[in-house]
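User: I would like to go through a protein model with you. Could you begin with the overall picture and then move to the details?

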Amino acid sequence: MAAPNARILIVEDTLSLARVYQDYLRVDGHRIEHVGTGRDAINLLRQNSFDVAILDLLLPDMDGRDVLRMAHDVSPHTQIIVITAHGSVNVAVEAMRDGAYDFLLKPFTAEKLRFTVLDALKNQRDGAKNRAEPGVNDGGDENPRRAVFGDGINGEEARKYFDFIGASDTMRGIYRIIDSAAPSRATVFITGESGTGKELAAEAIHRRSERANAPFIPLNCGAIPKDLMESEIFGHVKGAFTGAVVDREGAAHRAANGTLFLDEICEMDLELQTKLLRFIQTGTFQKVGGSSLETVDVRFVCATNRDPLEEVRAGRFREDLYYRLHVIPLHMPPLRDRGHDVLQIANFYLQRFSSEEGRDFKRFSPDVADLFSRYSWPGNIRQLQNIIRNIVVLNNGPEVVMSMVPRPVSNFGLEGSLVNGSIEAPPPHPVVSVDMADGDRLWMDDPEALAFLSGKQMQQPPSGAGLGIFAARPARARDKNNGAGRGIEAIRPLWMVEKDAIEDAIDRCDGSIPRAAEALGVSPSTIYRKKQSWEEIG
Ligand SMILES: Nc1ncnc2c1ncn2[C@@H]1O[C@H](COP(=O)(O)OP(=O)(O)OP(=O)(O)O)[C@@H](O)[C@H]1O
């Protein structure tokens, strides 16, 4: 990296340390100023423009995190690097959530400090460049369509970090935590809804670490039947149980010197949790049916889509194991909170699936792009992938138009009910309406979606009428009930409806749960878990 002659503020109350940091950084030709209190730091940041601030979180006059938040507010373009005491990675991670660019754990070397500052500067300059040139494909664009849907822009140009696509602020925060956490041996505990990329994050942590050349072994604790789980992790000796006809190594052994990724960790049964805890504490384990102790060096990364503390409270997850594993928390944001990333990811998969399936898709029409940006994506990236695969397989390009978008995405915005039967103000754009079987009238500004939904003839709204409805249950459901006599006894519990849908999907996939799961946009373990809960209901 080039010597940048940047303006740097050091906020450190120990004078001797501040001098050392200044000496380290002067080598790169920066202009450096120093203050010893939080108050002075905020004042200086308010009056001057600094590229980077190096902030010790332990200050005499203010809580370091308050200083950080205020510094971020008064000077959002200053990249803030926080310094924390050795062993307080958690504090550092929290600080990054509050807007810090990176952190340094004491003690650190001159090289580490210089590199971290240069990296922050590079980020700051890239950010400034992107602000000055809206339209560059890094997610900082004010105009999502230009960034993602403009001519010639394809998914490969989208901002990538390992296998992640996306450059939203939330995801940049995730990449920084991965960068910082990866080199250490500390356990990373990843949370987030299904399909948000938890496994991708675990892999990135591995690939970014010194263990990258050793194996990355994922193990889905929710997808493996309980009684086989212990052998999956620790292996077994011949004859340990019926069917154990040969000795077998488990995931712990295979992950030696690498990373063991325990996905859906909260699904692990309590007895096995005790054995896992012992393994984490001692680095040793016994194969099922074995008598000798084996020792391996593994780094643990685990993930869950549940709230782990809630599981602890409910007695389903051991508290001591939780604290042992929960060293560096990493929360994967849902897709709906990632701004323009959704379009970048959509475009990436459109190009990929299109070439895999021999189609000519190049782009999304503006209304599809708009729908994708507004939709809530409950199944996150996996659902987005499935929708795009569906579109690509069943249609051809070059443009993805509204009529190609399958449900439930295409129905988005149609659910809801007429508020007290009132008719609201007419919309500023043309609408169409349709009379439904049960007497409701639908007013829509999207003729295609309305036609699809109702299968009825459309008409222009009478003058003076306004935007009514949005009471659109799918036509099928309406026809079945035909308006009359819809008593609450006809309503089935949600779990039964869900059970029917899942069983139907499994049937259509010839009994394959993984394929059914993919088609439904959930993980196989979700289905296994649900099947188990239906059995418990009886
Ligand atoms: N930012 C992203 N860009 C591109 N693809 C992504 C991104 N995040 C996730 N994916 C893809 O989405 C799919 C789901 O990701 P992944 O399996 O890591 O999610 P998960 O949170 O572990 O899901 P689950 O909780 O269901 O196990 C994978 O195919 C992954 O490659």
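**Overview of the model**

Analyst: The secondary structure of the protein chain consists of 21 helices and 20 strands. Please note that this is a predicted model.

User: How many residues does the protein chain have, and what percentage is buried?
Analyst: The protein chain has 538 residues, and 37% of them are buried. Among contacts between residues at least 6 apart in sequence, 68% join residues at least 24 apart.

User: Which residues touch the most other members of the largest nonpolar core?
Analyst: They are Leu 55, Ile 81 and Val 82, in a core of 104 residues. Helix α14, residues 341-356, gives the most to this core, namely seven residues.

User: And where does this core lie with respect to domain 1 and domain 2?
Analyst: The core lies between them, because domain 1 (7-132) and domain 2 (170-331) both give residues to it.

User: What does Leu 55 touch?
Analyst: Leaving out residues up to four places away in sequence, Leu 55 touches nine residues by name: Val 11, Ala 41, Gly 64, Val 67, Leu 68, Ala 71, Ile 80, Val 82 and Ile 83. There is also a second, separate core of six residues, which includes Ala 517, Leu 520, Val 522 and Ile 527.

User: Leu 520 is in that second core. Where is its place in the chain?
Analyst: Leu 520 is in helix α20. The residue is buried, since 22 other C-beta atoms lie within 10 Å and the cut-off for a buried residue is 20 or more.

User: What does Leu 520 touch?
Analyst: Not counting residues up to four places away in sequence, Leu 520 touches Ile 502 and Ala 505. Its C-alpha atom is separated by 8.5 Å from that of Asn 386, although these two residues are 134 residues apart along the chain.

User: Which residues of α20 are buried?
Analyst: In helix α20, residues 513-520, the buried ones are Ala 516, Ala 517 and Leu 520. Seen down the helix axis, these buried residues fall within an arc of 100°, so they line one face of α20. As a general point, an α-helix has 3.6 residues a turn, so residues three or four places apart point the same way. Just after α20, Gly 521 takes a positive phi of about 75°.

User: What about Ile 506: where does it lie?
Analyst: Ile 506 lies in helix α19, residues 494-508. It counts as partly exposed, because it has 19 C-beta neighbours inside 10 Å and a buried residue needs 20 or more. Apart from neighbours within four places in sequence, Ile 506 is in contact with Gly 511, Ile 513 and Ala 516. Ile 506 and Ala 517 are 11 residues apart in sequence, and their C-alpha atoms are 8.1 Å apart in space.

User: Changing topic, which residues are closest to the ligand?
Analyst: The closest are Ile 165, Gly 197, Lys 198, Glu 199 and Ser 523, out of 19 residues that surround the ligand. The elements giving two or more residues to this shell are β7 (164-165), α8 (198-208) and α16 (380-394).

User: How does that shell divide by class?
Analyst: The shell has five nonpolar, nine polar and five charged residues.

User: You mentioned α16. Is Asn 380 buried or exposed?
Analyst: Asn 380, which is found in helix α16, is buried, with 25 other C-beta atoms within 10 Å. Its phi is near 55°, a positive value in a residue other than glycine.

User: And where is Asn 257 found?
Analyst: Asn 257 is in the loop between α10 (251-254) and β12 (259-263). This residue has a positive phi of about 65° although it is not a glycine. Asn 257 is partly exposed, with 13 other C-beta atoms within 10 Å.

User: One last topic: which residues does the cis peptide bond with omega near -5° join?
Analyst: That bond runs from Lys 106 to Pro 107, and Pro 107 has its place in the loop between β5 (102-105) and α5 (110-132). A cis peptide bond also joins Arg 407 and Pro 408, with omega of about 5°. Pro 408 is found in the loop between β18 (399-400) and β19 (432-435).

Notes. Residues numbered from 1 in each chain as written. Predicted model: local features only at pLDDT ≥ 70, side-chain atom pairs only at ≥ 80, totals over all residues. Core = buried A, V, L, I, M, F, W, Y, C linked by C-beta atoms within 7 Å. Buried ≥ 20, exposed ≤ 12 C-beta atoms within 10 Å, placed from the backbone. Helix = DSSP H or I, 4+ residues; strand = E, 2+ residues; numbered from the N terminus. Domains from an automatic or database assignment. Contact = placed C-beta atoms within 7 Å. Near = placed C-beta within 6 Å. Nonpolar A, V, L, I, M, F, W, Y, C, P; charged D, E, K, R; others polar. Arc of directions from axis to C-beta.
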